[in-house]
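Work through the exercises below with the sequence and the model open. Each task is followed by a solution in steps.

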Amino acid sequence: MRLSETRDLFVSRFEFPVDRNEVIERVGDIEIDAPTGEAERIGTILDRSEQNTFASSEELQDLIITFVGDQYIGRKFYDDRGSTLQSDLDEVSF
């Protein structure tokens, strides 16, 4: 399953608010595919948080997005706006 599909999964499987244990019991074994690296299970991702109740599917999906591993991140530390380091401000490129 893709990360972007989790909200639809949560809407179809739960009535909110929902308890963390119920989420883990019903969908905890579902894997979320990662762009790089290994997929992670929803239960594994939820274990990184201390939140016990979710008021909405959006809140649950936001938590999942917040706690996924590094394999879901593009180029780490990439900044397409350029660097703001002082040493870079002194350099001029033509």
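**Exercise 1: Salt bridges**

The structure holds six salt bridges, a salt bridge being a side-chain nitrogen of Lys or Arg within 4 Å of a carboxyl oxygen of Asp or Glu. This is a predicted model, in which local features need pLDDT of at least 70 and side-chain atom pairs count only at pLDDT 80 or more, while totals for chains, interfaces and linings use all residues. Residues are numbered from 1 along each chain as its sequence is written, and side-chain values use heavy atoms, with hydrogens and water left out.

Task: describe the salt bridge that Arg 20 forms with Asp 47, and state which parts of the chain the pair ties together.

Solution.
- Step 1. The closest N and O atoms of Arg 20 and Asp 47 are 3.8 Å apart.
- Step 2. Arg 20 lies in helix 2 and Asp 47 in the loop between helix 3 and strand 4, so the pair ties together parts that are 27 residues apart in sequence. Helices (H or I, at least four residues) and strands (E, at least two) are DSSP runs numbered from the N terminus.
- Step 3. Arg 20 counts as buried at 10% relative accessibility, whereas Asp 47 counts as exposed at 56%. Buried means under 20% relative accessible area, exposed over 50%, and partly exposed in between (1.4 Å probe, protein chains only).

**Exercise 2: A shared partner**

Task: find which residues are joined with Arg 41 into one network by salt bridges that share partners.

Solution.
- Step 1. Asp 29 and Arg 41 meet through their side chains in a salt bridge of 3.8 Å, N to O. Asp 29 is in the loop between helix 2 and strand 2, and Arg 41 is in strand 3 (residues 40–41), so this pair ties together parts twelve residues apart in sequence.
- Step 2. Arg 41 also forms a salt bridge with Glu 31, where the closest N and O atoms are 3.7 Å apart. This pair links distant parts of the chain, with Arg 41 in strand 3 and Glu 31 in strand 2, ten residues apart.
- Step 3. The network therefore consists of Asp 29, Glu 31 and Arg 41, joined by salt bridges that share partners.
- Step 4. For accessibility, Asp 29 is exposed at 62% relative accessible area, Arg 41 is partly exposed at 39%, and Glu 31 is partly exposed at 37%.

**Exercise 3: Aromatic rings and a cis bond**

Task: classify the two aromatic pairs of the structure.

Solution.
- Step 1. Rings of Phe, Tyr and Trp (its six-membered ring) pair if their centres lie within 6.5 Å; planes under 30 degrees apart count as stacked, over 60 as edge-to-face and the rest as tilted.
- Step 2. Phe 10 and Phe 14 are 6.4 Å apart, centre to centre, with 45° between the planes, and their pair is tilted. Both of these residues are buried.
- Step 3. For Phe 14 and Phe 16, the centres are 6.3 Å apart and the planes stand at 70°, so this pair is edge-to-face.
- Step 4. Phe 14 is buried, with a relative accessible area of 5%, while Phe 16 is partly exposed at 25%.
- Step 5. Ring pairs link Phe 10, Phe 14 and Phe 16 into a cluster.

What kind of peptide bond joins Phe 16 and Pro 17? The bond is cis, with omega about 5°. Most peptide bonds are trans. Pro 17 sits in the loop between helix 1 (6–13) and strand 1 (18–19).

**Exercise 4: Helix 4 and the core**

Task: locate the buried residues of helix 4 (residues 57–67) and state what they pack against.

Solution.
- Step 1. The buried residues here are Ser 57, Leu 60, Gln 61, Leu 63 and Ile 64.
- Step 2. Seen down the axis of helix 4, they fall within an arc of 155°, so they line one face of the helix. The arc is that of the directions from the helix axis to the C-beta atoms.
- Step 3. They pack against helix 1, helix 2 (20–27), strand 2 (31–32), helix 3 (42–46) and strand 4 (53–54), contact meaning heavy atoms within 4.5 Å.
- Step 4. The largest nonpolar core has 17 residues, and Ile 64 is one of those that touch the most other members, as are Phe 10 and Leu 46. A nonpolar core is a set of buried Ala, Val, Leu, Ile, Met, Phe, Trp, Tyr and Cys residues joined through side-chain atoms within 4.5 Å.
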